[in-house]
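Me: I would like a close look at a single part of this model, with its surroundings described step by step. Please take one helix and follow what lies around it.

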Amino acid sequence: MDIEQLRDYCLKLKNVTEEFPFGDETLVFKVKGKIFLLCGMDNDPLQFNVKCDPDRAEELREQYPAVIPGYHMNKKHWNTVIVDGSLSNAMLRELIDHSYALVYKSLPKKLREE
């Protein structure tokens, strides 16, 4: 997965917008105004931060060297995923979907129903 594939995948999810609120180097994807993925534009290899259930976050970090505590994020709830080829594209999409679902589920009912 490269940055264009990541972008295309995120933008296909319902109610997703992309922004650069932290400067030109950090691409941010939000669902209904809440961040679910951040991606550094200059990282080589590609890296992105996704929200994760705390127990699952620990399991993923133990199982995959390419999953580490979230860089500049709450380490309990966020992981940084390094796209170095060790994780399949299907796994990367699943991590993105999990983050999106967690954030979407946390939205107020009114926003979820719009």
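Reply: What follows is an account of helix α3 and the elements it meets, in a model that is predicted.

Helix α3 spans residues 89-106, and its surroundings can be taken in turn, beginning with the sheet. That sheet is open and has six strands in the order β1-β2-β3-β4-β6-β5, with antiparallel pairing. Its edge strands are β1 (16-19) and β5 (67-69), each of which pairs on one side only, and the twist from one strand to the next averages 25°. Within the sheet, strand β2 (residues 26-31) and strand β3 (residues 34-40) run antiparallel and are joined by six bridges; F29, for example, has L37 in β3 as its bridge partner.

Helix α3 lies across β1, β2, β3, β4 (47-51) and β6 (78-82), and its direction makes an angle of about 40° with β4.

Two residues of the helix show in detail what surrounds it. S99 lies in α3 and has a relative accessible area of 0%, so it counts as buried. When its neighbours within four places in sequence are left aside, S99 is in contact with F36, V50 and K51. Given the residue ranges of the strands, F36 falls within β3 (residues 34-40), while V50 and K51 fall within β4 (47-51).

H98 is likewise found in helix α3, and its relative accessible area is 18%; because the cut-off for buried is under 20%, H98 is classed as buried. Not counting residues up to four places away in sequence, H98 touches K51, C52, D53 and R56. K51 thus appears among the contacts of H98 and also among those of S99. Although H98 and K51 are 47 residues apart along the chain, their C-alpha atoms are separated by 7.6 Å.

The remaining neighbour to describe is a helix. Helix α1 (residues 3-12) packs with α3 at an angle of about 40°, the two axes being 11 Å apart, which makes α1 oblique to α3. The crossing in which α1 passes α3 is right-handed. In this contact, L6, Y9 and C10 of α1 meet R93, I96 and D97 of α3, and the residues involved divide into four nonpolar, no polar and two charged.

Taken together, α3 has strands of the sheet that it lies across and helix α1 packed with it at an oblique angle, while H98 and S99 are residues of the helix that are buried.

How values were computed. Residues numbered from 1 in each chain as written. Predicted model: local features only at pLDDT ≥ 70, side-chain atom pairs only at ≥ 80, totals over all residues. Heavy atoms only, no water. Helix = DSSP H or I, 4+ residues; strand = E, 2+ residues; numbered from the N terminus. Buried < 20%, exposed > 50% of the residue type's maximum accessible area, 1.4 Å probe, protein only. Contact = heavy atoms within 4.5 Å. Axes fitted to C-alpha atoms, helices over the stretch in contact; angles between N-to-C directions. Parallel < 35°, antiparallel > 145°, perpendicular 65-115°, else oblique. Left-handed = near helix turned anticlockwise from the far one by under 90°. Nonpolar A, V, L, I, M, F, W, Y, C, P; charged D, E, K, R; others polar. Pairing = 2+ DSSP bridges.
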